[in-house]
Number of protein chains: 2
Amino acid sequence: MNKKVYLTPGPSELYFTVEEHIKQALKDSVGAISHRSKAFEAIYCEAVENVKNLLNIPEDHHIFFTGSATEIWERIIQNLVATESYHLVNGSFSERFHEISFQLGRTAHKLQAEEGTSPDINKILIGENNELIAITQNETSTGAVTTLEDIAVIRNAFPDMLIAVDAVSSLPYINLDYNQIDTAYFSVQKGFGLPAGLGVWILNERCIAKAEELASKNYNIGTYHSIPSLLKSGKKNQTPETPNVLGIYLLAKVAGDMLFKGIDQIRRETEYKAAVLYNAIDNNQHFKPFVQNPVHRSKTVIVAETTKNSKEIISQLAAKGLEIGSGYGPYKENQIRIANFPTHSKEQIEMVADWLAAQ
Amino acid sequence: MNKKVYLTPGPSELYFTVEEHIKQALKDSVGAISHRSKAFEAIYCEAVENVKNLLNIPEDHHIFFTGSATEIWERIIQNLVATESYHLVNGSFSERFHEISFQLGRTAHKLQAEEGTSPDINKILIGENNELIAITQNETSTGAVTTLEDIAVIRNAFPDMLIAVDAVSSLPYINLDYNQIDTAYFSVQKGFGLPAGLGVWILNERCIAKAEELASKNYNIGTYHSIPSLLKSGKKNQTPETPNVLGIYLLAKVAGDMLFKGIDQIRRETEYKAAVLYNAIDNNQHFKPFVQNPVHRSKTVIVAETTKNSKEIISQLAAKGLEIGSGYGPYKENQIRIANFPTHSKEQIEMVADWLAAQ
């Protein structure tokens, strides 16, 4: 039996080079080295530099590692919000970030958009005491995106507030302008095709200053994973705790592979594969893109409504070795979600698209 | 060139079956499966059951997964301490836990013992408002242990307080009586010989009740990794966030291997190997156990003072393919630390001991 290909929206199929990198890591005892050794510092440095180069992140920005992107939600609120945050909410994950701010005792405002749409930025109404605007660039539960143009408009309208961008399932595809935002984050088991267990947190000097200000005013910004603690260790190419060393190693290697392939090529391929999928969905009576406005349709997480039960579609594709995802939460049974990440080949995507078109 | 053997006190040499388990995991797409799938739930369940069986943890106790043991320090204080904690401090790691309680705004008391010794439990003086007693069963920085007898005495003296036991570098060797304590924790890169990036948190119903009580009184117990959130997901054999799936899989498999070998056998071997090392250290003019009282000498992290510079010893052993650790912090240059974990064979330990004895 051939191995299944996972086109689920995360975790998803491993990047095609991961297996070889893991074998090399075992040969090089990456799992045994001290996280205070020069060998680890070199891995840390390689991961940070490769991610910065791949994503065109300004040199003065920082990259820190956490256990998950979920953890980053908590750390952002603890470190960057004393009292008020504002969330653009259009699905389960943006809602979860909003809820975390509330759970941490902040006044968490939101602009709620219908699921399957993106927030209308003209409706944003933010009080002057608000500190952070949370944008879910790619809402994994619905496949709706907030455009880079909208993010730029928000930046211009609120230059003094911190802007946090959830790019969990759109990086490395999405070409974020890191000068238009203050912090962004992703988890490695989506577009980077790595085993889960690592969150990657990108932030600028304004975030450092804000966390230090909150600390100086005796706000509780957490302990080992506060921004000042991450920064102190990061300056030594280390982490405060013993981290997921193998995960950081694999990120370094896969980001290096993607650099070698070229980010432009990866982006072009992503757009081609997304077009193939949407074309199949658009032209079949049993399927319809959940996101009606083409401008807001995700290129990396393609979500379709279906007249059939999603279980049936998923199991029929699984029988062909193609594992796709169900709808999220309330949409479980009448939607399907298909990941279109860099590791997914044109041929695999075309097989899915051909099957959908033939229904 | 032969591969080096890591006898560093964590991360350390991988358990000898890990490489094969990783290869099987790659074949079975463990890195790609959804953390909401039945396949993941089976892995989660296997990890919990194997750890419970291996360590003889009562069936009604809970096991949760975090990113690191460092994270567990933070979660313990957030979830189990409203105002006051009491820490037995005799080295860098016990001090770090004490500091985390302070950083989170609690009144963090401590009984400070000299490094290289264990706290004299007769000196414990705890106010009645104290909620939790933190014991570092095996202080990785100094190789000093708090005995199981001392833990039992503390339990009897303070039946109403929660007792938290740091067994980061002594499990699975140490035969903790989980009925004498309320919570214990370890990280997988020590005695279990796994790649770092996973903390394992064992706790009883009293901890659940305490966290729920704090939540009901509007204390901030955190968000996705609060005890109630971990419990809610854990009941479904899931985690709140996308976890280190590969790490949980490897824990399940290695705990299973250790069950097959037998915990008694592992414990006997650990004691034999520790005796071999202490014998070499005791009988050589250049070395001396840092912990003077034999009762308080760790069987899993052997720490020796040396008249030579530790760098020299470490590099000479490294030339023989044996990587040991330096002293911790201020002891970096005049101490060595040697891990004696289940993966370290008698032959490897004897090679180290023979070399030390020949100095």
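# Exercises on a two-chain model

Helix α10 of chain A is followed by A:Gly321, a residue with a positive phi near 85°. (Helices are DSSP runs of H or I with at least four residues, strands are runs of E with at least two, and both are numbered from the N terminus.) The model is predicted, so local features need pLDDT of at least 70 and side-chain atom pairs pLDDT 80 or more, while totals for chains, interfaces and linings use all residues. Residues count from 1 along each chain as its sequence is written, chains are lettered from A and ligands numbered from 1 in the order in which they are written, and side-chain values use heavy atoms, without hydrogens and water.

## Exercise 1: the two sides of a helix

Task: find which residues of α10(A) are buried, and work out why they lie on the same side of the helix.

Solution.

Step 1. Start with accessibility: buried is under 20% relative accessible area, exposed is over 50%, and partly exposed is in between, using a 1.4 Å probe and protein chains only. Within residues 310-319, the buried ones are A:Ser310, A:Ile313, A:Ile314 and A:Leu317.

Step 2. Now look down the axis. These residues cover an arc of only 95°, so they share one side of α10(A); the arc is that of the directions from the helix axis to the C-beta atoms. As a reminder, an α-helix has 3.6 residues a turn, so residues three or four places apart point the same way.

Step 3. Turn to the opposite face. There, α10(A) carries the exposed residues A:Lys311 and A:Ala319.

Step 4. Ask what the buried side packs against. Its partners in chain A are strands β11 (287-289), β12 (301-306), β13 (322-326) and β14 (335-339), together with helix α11 (346-357). Contact here means heavy atoms within 4.5 Å.

Step 5. Finish at the start of the helix, where a side-chain oxygen of A:Asn309 comes to within 2.8 Å of the backbone nitrogen of A:Lys311.

## Exercise 2: two side chains and their neighbours

Task: describe the surroundings of A:Ser229 and B:Trp73.

Solution.

Step 1. Place A:Ser229: the residue sits in helix α7 of chain A and is buried, at 18% relative accessible area.

Step 2. List its contacts, leaving out residues up to four places away in sequence: A:Ser229 touches A:Thr223, A:Tyr224 and A:Pro240. The side chain of A:Ser229 also reaches the backbone oxygen of A:Tyr224 at 2.7 Å.

Step 3. Place B:Trp73, which belongs to helix α3 (residues 69-80) of chain B and is buried at 5% relative accessibility.

Step 4. With the matching exclusion of residues up to four places away, B:Trp73 touches B:Phe93, B:Arg96, B:Phe97, B:Ile100, B:Asp166 and B:Tyr185. With the side chain of B:Tyr185, the side chain of B:Trp73 makes a polar contact of 3.0 Å. (A polar contact is a pair of N or O atoms within 3.5 Å; within protein, one must be able to donate a hydrogen and the other to accept it, and residues adjacent in sequence count only if both atoms are side-chain atoms.)

## Exercise 3: backbone checks

Task: which prolines of chain B follow a cis peptide bond, and what is the sign of phi at A:Asn237?

Solution.

Step 1. B:Gly10 and B:Pro11 are joined by a cis bond with omega about -10°, in the loop between β1 (5-7) and α1 (18-27).

Step 2. The bond from B:Leu171 to B:Pro172 is cis too, with omega near 10°; B:Pro172 is in the loop between β8 (162-166) and β9 (183-187).

Step 3. Phi of A:Asn237 is positive, near 55°, although the residue is not glycine. A:Asn237 lies in the loop between α7 (227-234) and α8 (245-261) of chain A and is partly exposed, at 24% relative accessible area.

## Exercise 4: relating the chains

Task: which operation lays chain B on chain A?

Solution.

Step 1. Superpose by least squares on the C-alpha atoms of residues with pLDDT of at least 70 in both copies. A turn of 180° with a shift of 0.0 Å along the axis gives an RMSD of 0.0 Å. The copies are thus related as by a two-fold rotation axis.

Step 2. Locate the axis from chain B: B:Gly67 comes closest, with its C-alpha at 2.6 Å.

Step 3. Compare the interfaces: 100% of the interface residues of chain B are also interface residues in chain A, so the copies meet through the same surface.
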